[in-house]
Amino acid sequence: MTDRPRVAVFRPDDERIDDAVDLLSKLGAEPVPDPMLAVDPTGATPDDAQYVVLTSKTGVELAAEAGWEPDGATLVAIGPATAAAARDAGWTVDIVPAEYTSSGLVERLRGDVDGARIEVARSDHGSDVLLDGLHDAGAVVTETVLYRLTRPDGAGESAQMAADGALDAAAFTSSLTVTHFVEAAAERGVRDAAVAGLHEAVVGAIGPPTAETAAEHGIDVDVIPDDAEFEALAGAVVETLDSP
């Protein structure tokens, strides 16, 4: 390990990757920024409903830029970052679940939404857990895809580093970042070597669904933070690196 451990981070190539690099640097790590997500807006906006569920800061920002307003709907944000973006847009956030996951949101709404119409506005890679769970709770559920998530051209520097044994840690922020990492490694012809390299590194996953996807690809996860936020993930990864 180098004096400053090399930590790969896979946030989209915008202010989020810049903020992640700054945070990891302050925590004493050497960031390896390798954006694994690119945002392709669809131009759609959420449909009218009694409840509108927004699952990401990106979705909020795109809806706000398109001029959408809640118009009396009960606004649900899946986590504090999404809620903060919604408040920045001038909207009132009515519900934030205690657990910032699809299953946590279903549990929060279960019992309150039987017969209600719920609009879920998110990316094209949203979990079926949310839609199925709300259906099972008796809601009439619609979904609008606000943006598509793709893998940027040239992604995969961190996969090559992992294959070369030059990566000390990786911080995966969604199931899709795991999938794109593995795909990028495969395109470079180093898939097995990259996965083996991660076995020698500290691997962090932002939540259980991301950890499950990693396991499906043969990647062992060492740490999952209590809060599904990047700040908590970065702190947990660096703390684990510092542990004897």
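A residue counts as buried when its relative accessible area is under 20%, and as exposed when that area is over 50%. The structure shown here is a predicted model, and this definition can be tried at once on one of its residues. Ser-158 has a relative accessibility of 0%, so Ser-158 counts as buried.

Ser-158 lies in helix α6. Leaving out residues up to four places away in sequence, Ser-158 touches Ala-8, Phe-10, Val-32, Asp-34, Met-36, Leu-167 and Phe-181. Ser-158 also shows how a fold brings parts of a chain together: Ser-158 and Ala-185 are 27 residues apart in sequence, and their C-alpha atoms are 8.7 Å apart in space.

Next comes the protein as a whole. It contains 10 helices and 9 strands. The radius of gyration is 19 Å, close to the 18 Å that the globule rule gives for 244 residues, so the protein is as compact as a globular protein of that length. The C-alpha trace spans about 55 × 35 × 30 Å along its principal axes. Of the 244 residues, 48% are buried. Among contacts with a separation of 6 or more, 64% are between residues 24 or more positions apart. The accessible surface comes to about 11000 Å², and carbon and sulfur atoms hold 44% of this surface.

Two open sheets can now be traced. One has 4 strands, in the order β2-β1-β8-β9, with parallel pairing. β2 (30-33) and β9 (202-205) stand at its edges with a single partner strand each, so one side of each has no neighbour in the sheet. On average, neighbouring strands here are turned by 20° against each other, direction ignored. Strand β1 (residues 6-9) runs parallel to β2 and is joined to β2 by 4 bridges. Within this pair, Val-9 stands opposite Pro-33. Helix α1 (residues 15-26) packs on the sheet and touches both β1 and β2; the direction of α1 makes about 160° with that of β2.

The other sheet has 5 strands, in the order β3-β7-β6-β4-β5, and its pairing is mixed. Its edge strands are β3 (38-41) and β5 (74-77), each of which pairs on one side only. Neighbouring strands in this sheet are turned by 25° against each other on average, again ignoring direction. One parallel pair in it is formed by β6 (residues 117-123) and β7 (residues 140-150), which share 7 bridges. Glu-119, for example, has Thr-142 of β7 as its bridge partner.

What fills the interior? In soluble globular proteins, nonpolar side chains tend to be buried together. In this model the largest nonpolar core has 23 residues, and those that touch the most other members are Phe-10, Leu-167, Phe-172, Phe-181, Leu-198 and Ile-219. α6 (157-163), β8 (169-172), α7 (175-187) and α8 (191-199) each supply at least two residues of this core. α7 gives the largest share, 5 residues. Ile-219 can serve as an example of a core member: apart from neighbours within four places in sequence, Ile-219 is in contact with Val-178, Val-182, Val-195, Leu-198, His-199, Val-203 and Ala-214. A second, separate core has 20 residues, including Val-52, Val-60, Leu-62 and Tyr-147.

Tyr-147 leads to another buried serine. Ser-56 lies in the loop between β4 (51-54) and α2 (57-65). Its relative accessible area is 15%, so Ser-56 is buried. Leaving aside neighbours within four places in sequence, Ser-56 is in contact with Thr-82 and with Tyr-147.

A helix can be examined in the same manner. In α4 (residues 102-109), the buried residues are Ser-102, Gly-104, Leu-105, Val-106 and Leu-109. Their cover includes β4, β5 and α5 (128-136). After α4 comes Gly-111, with a positive phi near 95°.

Asp-71 also has a positive phi, of about 50°, although it is not a glycine. Where is Asp-71 found? Asp-71 sits in the loop between α2 and β5. Is Asp-71 buried or exposed? Its relative accessibility is 66%, so Asp-71 counts as exposed.

How values were computed:
Residues are numbered from 1 along each chain as its sequence is written. This is a predicted model: local features need pLDDT of at least 70, side-chain atom pairs count only at pLDDT 80 or more; totals for chains, interfaces and linings use all residues. Side-chain values use heavy atoms; hydrogens and water are left out. Two strands pair if DSSP finds at least two bridges between them. Axes are lines fitted to C-alpha atoms, for helices over the stretch in contact, and angles run from 0 to 180 degrees between N-to-C directions. A nonpolar core is a set of buried Ala, Val, Leu, Ile, Met, Phe, Trp, Tyr and Cys residues joined through side-chain atoms within 4.5 Å. Buried means under 20% relative accessible area, exposed over 50%, partly exposed in between (1.4 Å probe, protein chains only). Contact means heavy atoms within 4.5 Å. The radius of gyration is taken over C-alpha atoms; the globule rule is 2.2 Å times the number of residues to the power 0.38. Accessible areas come from the Shrake-Rupley method with a 1.4 Å probe; for residues, only the protein chains shown count as cover.
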